[in-house]
Structure formats: structure tokens, C-alpha cells
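Reader: I have a chain on my screen and some labels I want justified. Can we go through them one at a time?

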Amino acid sequence: MLQIHPVNSSIETWNPSIEGTILSLFDPSPQAENWEKNVDQQILKIAYQFLRQIEASSDIELPDLMAQFQEFHLPDDASSFDTYLESLTKTLIPHSIHTSSPRFIGHMTSALPHFMRPLAKLMTALNQNLVKTETAKAFTPYERQALGILHRSLYQFPDEFYDYHLQNSHSTLGMVVSGGTSANFTAIWCARNSSLGPKGDFKGIEKEGLAAALEFYGYQGQVIIGSSLMHYSFEKAADLLGIGSQGLIKIPASRHNRIDLDCLRETVAECRAQKQHIIAIVGIAGTTDSGGIDPIEEMAAIAQAAGVHFHVDAAWGGPLIFSQQHRHKLAGIEQADSVTIDAHKQLYAPMGIGMVMFQNPQLAKAIEKHACYTVREGSADLGQRSLEGSRPAMSLFLHAGLHAIGLKGYEFLIDEGIRKTQYMAEQVRLSPEFELLAEPEINLLIYRYIPEQLREFVAKGELTETQNQAIDLVNEQLQKAQRHAGKTFIARTITQTTRYGPMAIVALRAALANPLTTEADIDAVLDDQIALATQLNLGGSQF
């Protein structure tokens, strides 16, 4: 355990009066600066000790961990920061997940480039609020610039387009939001309001509401159409926007984890015949469970023919646009009306930053709001066209990444992640203990462990439903055991797009985006699973 040494500085000499104690916390004096430098050194040691851990997590049970955080009384007196930091090193930090570990390959969270850490401190010190230019004068054009760079990489419009729209306060090329969920919601919100906007005497859905809008336009209801593999954030959007879960139409996906185009065409025709308003058709560029990519170009053509907003959820797969080798997998994405990309995934920014990009810079006006004390009409305030009001300057990480990593850097990261996924897929194929459940298209992989008694049946494709259910149980137990042991980590999901037809199959899921993960780490993860299954005799008495 790293020892915390008290800092000898007047900032830690606590005044007997609460006034003196609290004011000393805010005073940017030379003494405070010296104190912070010393604390920085301690925190840096703690951080790097944490970052160098190769194991995925501690093995403490969650109920035991919860017991350490049972106190719910607010302390009367202010305690020294040394005391507080020491408590963190005993309770919080040792049991935090090592998402940067090269053997933590189960979720879409990985190591960050070094420069993101000092930038996080700078962002906190500046404490800019991006809702308004009065609290983010320089950051407003700075954020618009970062979004413009990403927009051009995505849509490839001519330079004249960006000369006009980049810093035009009436234009919105994109928005920085907290993540993919907010981005997807914002895209559908814009699509709904734009398609049910003012016309003649009708003042639009924003002012008159959903029921009046549907009646005016002659619709019986409203729907969103996408693959059965759509992210669950669209269920939230359907709920919040008054569509309801029954209005979220999920088209079956193929064994290749792509939407059935024929079924999509039929569904669009049926909805129009039934006077259902199609708010948006949703394509996926990197499904959450397996990384599948929908036929975006064909979906764009269907949406355009129907006059429907086309949104692409590229929260995970969007950065493929930077790869010469793999960009073709996103063919047609430049035809999308809106695109979600998460910076905290494969743009390697800290958690809490996503984006929604708009092909039409005027689309976001459909959700524009103003207030007399802030985001005034005609201003350059970013908060007038966004779900979120007050928000931190997370665009600092986006802008920095785009410049400090650059096109070639992102290309290397994407290409390497996919190469290592192909390596892992080949190791799974070669191991009789495992079954590959889908050919990886990018850098997500689903597979499962097969007990020895059933490997022959798997090889012949003769598993019964009962046997598959038994294998499901084995994989649930294996994933939980691996998570508890904490040496390595693979996530778990359920897939219905395998050679076994619509049957729900429990799958082990790997996300290979961490640049620190090597082939040896991949081997160690698989070896750990085999060893755990043997040690626990998983499936040994069930068949």
C-alpha cells in the first residue's frame, strides 16, 4: 500500500475557525500552489501504481466492498486533504477496475494516452461552462473547430462549406454530449421535431405537442426502425419522446449481425400504408455485442427514397473513417443525416464525451431553446441547441486527441485493434475448448467455452437446445469466476445471430481496443479461462 505523507504547507494548517479553513481551500496563494505541487506528486505516484497493474481487478466481493461505504452522515468538520487521500488509498483505489490493464478486454474502456491526464487537471482548473460564451468565450470557437475537423473527416464536404459554417453561430455541425446515449437521443429528437415542424397555421410539435402534430400531419402514430441489435439507448429515446417501446420496430439481423434489408423495405412500406410516421431509420456501425456493421449505403438509399431521417449509431465503429484499410466498411456513412461517435471509446478520450454530427448544419434548430438570462436568441451560445445546459469543457480532450494523435495515429490504433481481434479469433478457432460464434468484422469478438463432453457435437453441428442451455450455464459460471478472480476479464452477452438460428446463446465478448494489449495478453486471457473451467470442473457432471 502506498503511504501518504503529510504535506508541510500552510494550506494544511487548519484554522480554528470554519471561515479560515474554508477560505484557505479557495485562495490561489503561493502557499496553495506549493501545496498542490506536493499533492500532485503523491497523486501521480498513486495513479501510476494503479496504471501499472496488469490484473483486471481485486477479488473482493461486492457486498464486502459495499460495507465499507455504509456511512451516510455528513461530517460536521472539514478534514485535511491528507486524511481524505489516505482513506481513498485504503477503500476506493485498491478495488477500482483496472480498465487500462492489457488483460481487461471485456468492455469498451481502455488505456488513455498520457497527455489526457494533465489536460483533465487543466480542464478542472479552468472550469469553463460550455452552455454560454460568457462562461466559455474561447472554448466556444475551440469546440466548434474540433467538431468541424471531425465533421470534415466524416462528410468530406468542400473547404468552402467549412469556411462558411465552422464558426457561424447559426450553424451546428455537431454537438459534444456526455456519451452515445445522449447523442442518439439528440439525433432522434432533432429528427422528430424537424419532421413535425411548423407548417401553415400549425406551430409545430415543439409548441403544440405530439398528439396535435400527428393529427395535423395525418399520422396514426410514430415509429423508429432499426436492427434488433440497436443499442438500448433507443429504448430510452422512444420512452422520452413519447413513442413508446412498441413504436421501436426492430428488424431481425442476419448471422453476419446486419439488418435484413428486404424486411426493412417491407416494414417501411407497411408503416407508410398504416399512416405511421417514421421518425428515423437507424443503422449501426459497430453493434455493441459483436461489432457488426449494417449495410449503411443501402439503408441510406431506402431512407432517402422514403424521405426519412437516417441516423447511424457509430459510437464504437465511427473511427474506422481514419483507416485506409477498413474505411470501406462504413461506405455510405457520409449520406447519414446524423451520426453518433463516442470520443471516450476509440478516440481515446476520458469517459464522458460523445458527439452527434449533423449533415445539415441547420437541423439542430429544430430543438433550439432560449432563456432571457442565458442562451439568448441570436447569440453564439452552444447551449441553445443541446439537451444539456451546463457542461464541462470535455472538448479539450477531443481537440487534443485529434492533434496529438492525428490521422495516422488513429489509423494505426484502429488497424492494430482489428489485427489483434483477428489473432484472437484464430486462437479461438484452433482451441478445441472454444467455439467462435461470429466472424469479427472489426475489433469485437464473441465466442464461448465448450465442455469437453460436447466438443464433438459442436464440431458436427449437432447440439440440441438442451445442450446449448447447459453450455450457457457453464459460460455464465466461467465469466463470473474470471471476473471474481480478477487476473483477466472478458464480458458476457447474449446473441441470437449464430448458426443455431434465433436461439439465445450466452457468449463471451472481447473488445480489443487497448493499444497495450499484446498477443501474449490475449493468450493469457484464454489460458486463464481454460484453467478456471478445469479448476471449477465446469460442466463436468452435467452431461
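What follows is a set of short questions about the labels, each answered from the values.

Author: One point comes before the labels. This is a predicted model.

Reader: What makes the chain count as compact as a globular protein of its length?

Author: Start with the inventory: the chain has 18 helices and eleven strands. Its radius of gyration is 26 Å, and the globule rule gives 24 Å for 543 residues. The two values are close, so the chain is as compact as a globular protein of that length. Along the principal axes, the C-alpha atoms fill a box of roughly 75 × 70 × 45 Å.

Reader: How much of the chain counts as buried?

Author: The share is 52% of the 543 residues. The cut-off for that word is a relative accessible area under 20%. The accessible surface is about 25800 Å², and carbon and sulfur atoms hold 54% of that area.

Reader: What share of the contacts with a separation of 6 or more joins residues 24 or more positions apart?

Author: Such pairs account for 70% of those contacts.

Reader: Why is strand β5 called largely enclosed?

Author: Count its residues. The strand covers residues 309-313, and five of the five are buried, so the rest of the structure largely encloses β5. Both faces are covered. H309, H311 and D313 are buried on one side, F310 and V312 on the other.

Reader: In which sense do β4 and β5 pair?

Author: They pair in the parallel sense, over five bridges. Strand β4 spans residues 276-284. Across the pair, I281 stands opposite F310 of β5.

Reader: Why is T421 called buried?

Author: T421 has 0% relative accessibility. The cut-off is under 20%, so T421 counts as buried. T421 sits in helix α15, residues 406-430. Beyond residues up to four places away in sequence, T421 touches P440, I442, N443, L444, L445 and L512.

Reader: How do you know that D521 is buried?

Author: Its relative accessible area is 6%. That falls under the 20% limit, so D521 is buried. D521 belongs to helix α18, residues 519-535. With neighbours within four places in sequence left aside, D521 contacts I54, P102, R103 and L516.

Reader: How far is D521 from R376?

Author: Their C-alpha atoms are 53 Å apart, and 145 residues separate them along the chain.

Reader: How many charged side chains of each sign does the chain have?

Author: There are 43 positive and 61 negative side chains. The centres of the two sets lie 3 Å apart.

Technical notes
Residues numbered from 1 in each chain as written. Predicted model: local features only at pLDDT ≥ 70, side-chain atom pairs only at ≥ 80, totals over all residues. Heavy atoms only, no water. Helix = DSSP H or I, 4+ residues; strand = E, 2+ residues; numbered from the N terminus. Rg over C-alpha atoms; globule rule 2.2 N^0.38 Å. Buried < 20%, exposed > 50% of the residue type's maximum accessible area, 1.4 Å probe, protein only. Contact = heavy atoms within 4.5 Å. Areas by Shrake-Rupley, 256 points an atom, 1.4 Å probe, with all protein chains shown as cover. Lys, Arg positive; Asp, Glu negative; His and termini not counted. Charge placed at Lys NZ, Arg CZ, Asp CG, Glu CD. Pairing = 2+ DSSP bridges.
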